[in-house]
2 protein chains.
Amino acid sequence: MTQIFKIDHTNCEDCPIRHRAVCANCDVHELELLEGIKYYRSFEAGQTIIWSGDQMNFVGSVVSGIASLTQTMEDGRTQMVGLLLPSDFVGRPGRDSAPYDVVATTDIVMCCFRKKPFEELMGATPHIAHRLLQMTLDELDAAREWMLVLGRKTAREKIASLLSIIARRDASIGQNGSSSPIVFDLPLTREAMADYLGLTLETVSRQISALKKDEIILLEGKRRVSVPDMGRLMEEAGDDSDGGYLV
Amino acid sequence: MTQIFKIDHTNCEDCPIRHRAVCANCDVHELELLEGIKYYRSFEAGQTIIWSGDQMNFVGSVVSGIASLTQTMEDGRTQMVGLLLPSDFVGRPGRDSAPYDVVATTDIVMCCFRKKPFEELMGATPHIAHRLLQMTLDELDAAREWMLVLGRKTAREKIASLLSIIARRDASIGQNGSSSPIVFDLPLTREAMADYLGLTLETVSRQISALKKDEIILLEGKRRVSVPDMGRLMEEAGDDSDGGYLV
DNA sequence: CGCGAGTTTGACCTGCCTCAACTAAAGTGG
DNA sequence: CCACTTTAGTTGAGGCAGGTCAAACTCGCG
């Protein structure tokens, strides 16, 4: 329950997510307005940020760390329905209660706004509303892509899909071409991965071992993954958009 | 490929989806603007309305009929990622190419707008942008609820979930209390149901037979379903939000 | 050192898939 | 009007991917 306030007061201009979050399109004036109503909150890994069904009285952006959206059935089966990375938005303007739990997967810092003032501000500044629509449409696409993963992919493909996704944005791709190996740390436990992929943690573990044996990935400890050939990993994922650089 | 134009020109005021579609919040003036750029298109059951990857040069609302959003892997595995019912919106302002196929499941009529003029109009009329955000947030919630179905539910629960969803809005619930039986027609073939649920059509067929044998549902022919006790069906779905009326 | 959280691995089991045969209803055309 | 095909759905038999249960291993930490 302890909340740690690591960030005292950061100027929006210097904010690491300035150009990707809801505020991305804001001009200097709009930024001032936001700056007036924002406040930071920190959560420790494992803490629940919002409980499903609870009243939500704030919205906000993930500044650093990772959170997950989780749905749970009465008998305890759980399904992660989204992964929130820095710059992702939490909460629903115009909606009172949360439809799922939001849990801090790692230590996390959020830039929050009380819902009411934010909604008012949104009415006044179309830039924010517009950006939020864009972000929501992106999330919808991501959710639908994940439906294909959950509904039709094999366990091995599921693991490969998750690794590709994490690799794609966690390791800053782009500067290096195709061949140089990509290295990153898994931000999720095996259990969390299982919850995301609709598998059991045993199956996750087995498939990771299998991918390692087949040298699709290399492991350093339990969490550090390196991918010698991104193309092969994406083939395993069944995505096979031909990587772009294979053509 | 034949397109049938059934609707010559319908006044927006008389439109059956007037109060649920993107235009729901529009005032008379805004409605006039929309009326100026709208046009109707009809598609026969089975026609593909938009191909994945294609340039989208229009957006629009489903007026009548049902369409489905479908993703396909190279080896042919397919997953339906959304069901579009009357008043649902198709297309992405600010996005060029479609991320998935949109297929007419039944004969369907759409109210379309060329994308460019619509986007301009959206910039000028916040009501539309706001409504679109609300609808997109709703779709996102629906997609995430479906992720739980795909990732964690058994075949029987999946079928029950699908039937509940169709029952909930297809048969106009609300006027009748809990006990009077709900009757509706399945708008989907067994195969389409399988694609939606991440199952095979054989499993769908078997589970429907099983639900019938257990008298959770009754069948009249292959498509007409009646649900004697909605509460029991929802229990089978594992949703068990206790139906609301059980409390 | 001993504990516990996270992970791996093994052995067995089962729910769903696969393949295949069959039925029902609805055209189609001679 | 009846054989023939087509399309949608049902049902059965058998196999396998992934779940379940259980044991052991690793590693950081008090």
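1. Let me start at the bases of DNA strand C. In this predicted model, an N or O atom in the side chain of B:Glu202 sits 3.2 Å from a base nitrogen of DNA strand C. The elements that contribute two or more residues to the surface near this strand are α6 of chain A and α6 of chain B. Of these, α6(A) provides the largest share of that surface, with four residues.

2. The phosphates of DNA strand C have partners from both chains. From chain A, a polar side-chain atom of A:Ser205 is placed 2.7 Å from a phosphate oxygen of DNA strand C. From chain B, a polar backbone atom of B:Ala155 lies 2.8 Å from a phosphate oxygen of DNA strand C. If you are setting up a view of this region, which residues come closest to the strand? They are A:Arg190, A:Ser205, A:Ser209, B:Ala155 and B:Thr203, out of 16 residues that surround DNA strand C.

3. Here is the overall make-up of that surface. Sugar or phosphate accounts for 63% of the atoms of DNA strand C within 4 Å of the protein, and bases account for the rest. On the protein side, the surface near DNA strand C has two nonpolar, seven polar and seven charged residues.

4. Now to DNA strand D, which has 16 residues around it. The nearest are A:Ala155, A:Thr203, B:Arg190, B:Ser205 and B:Arg206. Of the atoms of DNA strand D that come within 4 Å of the protein, 64% belong to sugar and phosphate. By class, the residues near DNA strand D are two nonpolar, seven polar and seven charged.

5. Three individual contacts with DNA strand D deserve a look. A polar side-chain atom of B:Arg206 is 2.8 Å from a base nitrogen of DNA strand D. The side chain of B:Ser209 has an N or O atom 2.8 Å from a phosphate oxygen of the strand, while A:Ala155 uses a backbone N or O atom, also 2.8 Å from a phosphate oxygen of DNA strand D. Two or more residues of the surface near DNA strand D come from α6 (201-213) of chain A, and likewise from α6 (201-213) of chain B. Here α6(B) gives the most, with four residues.

6. How are the two protein chains related? Chain A superposes on chain B by a rotation of 180° with 0.0 Å of shift along its axis, at an RMSD of 0.0 Å. The two copies are therefore related as by a two-fold rotation axis. Both copies use the same surface, since 98% of the contact residues of chain A recur in chain B.

7. Next, the extent of the protein interface. Chain A puts 44 residues in contact with 43 residues of chain B. Together the two chains bury about 4000 Å², of which 55% is on carbon and sulfur atoms. Which three residues supply more of the area that chain A buries against chain B than any other three? They are A:Arg144, A:Met147 and A:Arg152, with 20% of that area.

8. For anyone interested in the polar side of this interface, there are 26 residue pairs in polar contact between chain A and chain B, with both residues at pLDDT 80 or more. On chain A, the elements that each supply at least two residues to the side touching chain B are β4 (67-72), β5 (78-84), α3 (126-152) and α5 (190-197). Among these, α3(A) gives the most, with 18 residues. The residues on that side of chain A divide into 19 nonpolar, ten polar and 15 charged.

9. Last, the charged pairs. Side chains of opposite charge can pair when their charged atoms come close. How many salt bridges does the model have over all chains? The count is 28 over all chains, and between chain A and chain B it is twelve. A:Arg95 is a good residue to inspect here. With B:Asp138, A:Arg95 forms a salt bridge whose closest N and O atoms are 2.9 Å apart. A:Arg95 also forms a salt bridge with B:Asp141, with the closest N and O atoms 2.7 Å apart. B:Asp141 belongs to helix α3 (residues 126-152) of chain B and A:Arg95 to the loop between β6 (89-90) and β7 (101-104) of chain A, so this pair joins two chains.

Methods
Residues are numbered from 1 along each chain as its sequence is written. Chains are lettered from A and ligands numbered from 1 in the order in which they are written. This is a predicted model: local features need pLDDT of at least 70, side-chain atom pairs count only at pLDDT 80 or more; totals for chains, interfaces and linings use all residues. Side-chain values use heavy atoms; hydrogens and water are left out. Contact means heavy atoms within 4.5 Å. Buried area is the accessible area (1.4 Å probe) that two parts lose on being put together, summed over both. A salt bridge is a side-chain nitrogen of Lys or Arg within 4 Å of a carboxyl oxygen of Asp or Glu. A polar contact is a pair of N or O atoms within 3.5 Å; within protein, one must be able to donate a hydrogen and the other to accept it, and residues adjacent in sequence count only if both atoms are side-chain atoms. Ala, Val, Leu, Ile, Met, Phe, Trp, Tyr, Cys and Pro count as nonpolar, Asp, Glu, Lys and Arg as charged, and the others, Gly among them, as polar. A residue is near a molecule or strand if one of its heavy atoms lies within 4 Å of it. Copies are superposed by least squares on the C-alpha atoms of residues with pLDDT of at least 70 in both.
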